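Work through the three exercises below with the structure open, and try each task before you read its solution.

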Amino acid sequence: MKKRVHGSCTSILVGKKASIDGSTMISRNDDGHEALDPQRFVVVQPEDQPRNYQAVISGVKVELPDNPMRYTSIPNSLLTNGIWPAAGINSDNVTMSATETITTNPRIQGIDPYVAGGIGEEDLVTLVLPYIHSAKEGVERLGDLLLTHGTYEPNGIAFSDNDSIWWLETIGGHHWAAVRIPDDAYVVAPNRRNIDTFDFDSEDTLCSEDLQVLIDNNHLNPDFDGYNLRHIFGSASIKDTVYNNPRTWYGQQFFNPEITQDPMDQDLPFIRRANRKISIEDVKFVLSTHFENTDYDPYGSAPEDIKTRFRPIGINRNHNVHLLQVRNDVPDEIAGIHWLAYGANTFNTIVPFYANVNDTPDSYKNATGEFDLNNMYWLSCTTALLGDTNYDFYVDMRNTFELEAMSAYHAIQNAADKALPTKSNATKFLEEINAKLAKESLKRQTQLLGEMVISGSEQMKLRYNLND
């Protein structure tokens, strides 16, 4: 098996009764093992979907059905380690984000070890998303694939449609469990096992057929009552207390400031109800945060050992942030919105691209390994890098940029929604709107970078106060 590539992401899920507009939302920072890894935003047509798939990392071969649907995708630009599609929305407005790397323990590994030639993050969107007509179908199809082929790593995977959100976690080499997220709830999921209390008799859970027997017969449950899958299959390590748990703590503190919790707590709940309805901007903020207004902000003024104690959510290894939204108050043609931004999330904005299209804008789909400021991936990475050199100086420019850019995107989207009934070719019209959104975002991101360069040049250390 080719050397495995590690990622470390953060996911946020928002049920339709928890969101401000009644939509379902699944989102994730697609974080990588390196600071730079060029990304592309594309549409995969049925004729381009493989029928005989072979993975690069594991070499697994999977025969795929003959009836794939069209879907959006965010693959790597450099395919050395495979496609890594990350996330997308298919033509039935079903979404998938894969994956959130999670944790495990030796007890389950000793019973159901990983499969070196199995499936993994590289493969999952390609193998599942084009063939599912609901979020629950996504869970069931992935469960069958895990049983048949096994996996070589532990992952959490999100699915949604206009009605429901499901979260699946792999267990060992072949097992899995999934939970339907309550409509009025949200989830902030870092790189740990996240599912806690699990009811095997509920209509809102699914799992491997023998999972409860496996737990009972192998004495895996450390609790006296009930089944807590985080306790049974998770890690609860020292690393979790500084790398994972604080991300859930900060997200839950943002959505529920009335609740006092310990950032290192191993038992922060999986499911939460916010004290207000959640917006796109809320989700983007949490996925970009470096623990602002706490002592743990790397850009803050606390002693170095305190402000770098915990791993932030927004980090230099953010390669893209995607938010897959399925709306309930609009026609199906415009229900699926693939919100997207590239690079470290501190100095970018998320853009609402319509998913019912056959192509994507050049500035979002044509990134290569060569630096190019006409490409949104490289432009976003450059802005974040400059912003990192003097965050306090540049942050107000970022704030103004974000407010004005998001206002412009919402205005374009609102006008497009209203104009749709007058258009004879919805797909072509939405492609034109996406092109307009991409042009607007590229222009505004370039203006921000220019303002930062012009203003920042006056702050350079290579200067002298006396005139010639």
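A pocket is an open set of grid points with protein on both sides within 12 Å along at least five of seven lines, and its lining residues are those that have an atom within 4 Å of a point. Keep in mind that the model is predicted.

**Exercise 1.** Describe the lining of the largest pocket, and state which helix gives the most to it.

*Solution.* Begin with the space itself, since the largest pocket holds about 400 Å³. Of the 18 residues that line this pocket, Tyr299, Ile315, Asn316, Ala344 and Asp388 are the closest to its centre. Next, sort the lining by character, which gives ten nonpolar residues, seven polar and one charged. Finally, the helix that gives the most is α10 (residues 376-389), with four residues.

**Exercise 2.** Determine how α10 is placed against helix α12 (residues 426-456).

*Solution.* First take the axes, which come within 10 Å and cross at roughly 30°. Because angles under 35 degrees count as roughly parallel, α10 is roughly parallel to α12. The crossing in which α10 passes α12 is left-handed. Then look at the contact, where residues of α10 including Leu379 and Leu386 meet residues of α12, among them Leu442 and Met452. The residues of this contact divide into eight nonpolar, seven polar and no charged.

**Exercise 3.** Repeat the reasoning for helix α6 (residues 238-255) and helix α7 (residues 280-288).

*Solution.* These helices pack at about 150°, with their axes 10 Å apart. Because angles over 145 degrees count as roughly antiparallel, α6 is roughly antiparallel to α7. In the contact, Tyr250, Gly251, Phe254 and Phe255 of α6 meet Asp282, Phe285 and Val286 of α7, and these residues divide into five nonpolar, one polar and one charged.

Terms used: Residues are numbered from 1 along each chain as its sequence is written. This is a predicted model: local features need pLDDT of at least 70, side-chain atom pairs count only at pLDDT 80 or more; totals for chains, interfaces and linings use all residues. Side-chain values use heavy atoms; hydrogens and water are left out. On a 1 Å grid over the protein atoms alone, a cavity is a set of points where a 1.4 Å probe fits but cannot get out, and a pocket is an open set with protein on both sides within 12 Å along at least five of seven lines; lining residues have an atom within 4 Å of a point. Grid points are joined across faces, edges and corners, and a volume is the space filled by probe spheres set on the points. Helices (H or I, at least four residues) and strands (E, at least two) are DSSP runs, numbered from the N terminus. Ala, Val, Leu, Ile, Met, Phe, Trp, Tyr, Cys and Pro count as nonpolar, Asp, Glu, Lys and Arg as charged, and the others, Gly among them, as polar. Axes are lines fitted to C-alpha atoms, for helices over the stretch in contact, and angles run from 0 to 180 degrees between N-to-C directions. Angles under 35 degrees count as roughly parallel, over 145 as roughly antiparallel, 65 to 115 as roughly perpendicular and the rest as oblique. A crossing is left-handed if the near helix is turned anticlockwise from the far one by less than a right angle, and right-handed if clockwise. Contact means heavy atoms within 4.5 Å.
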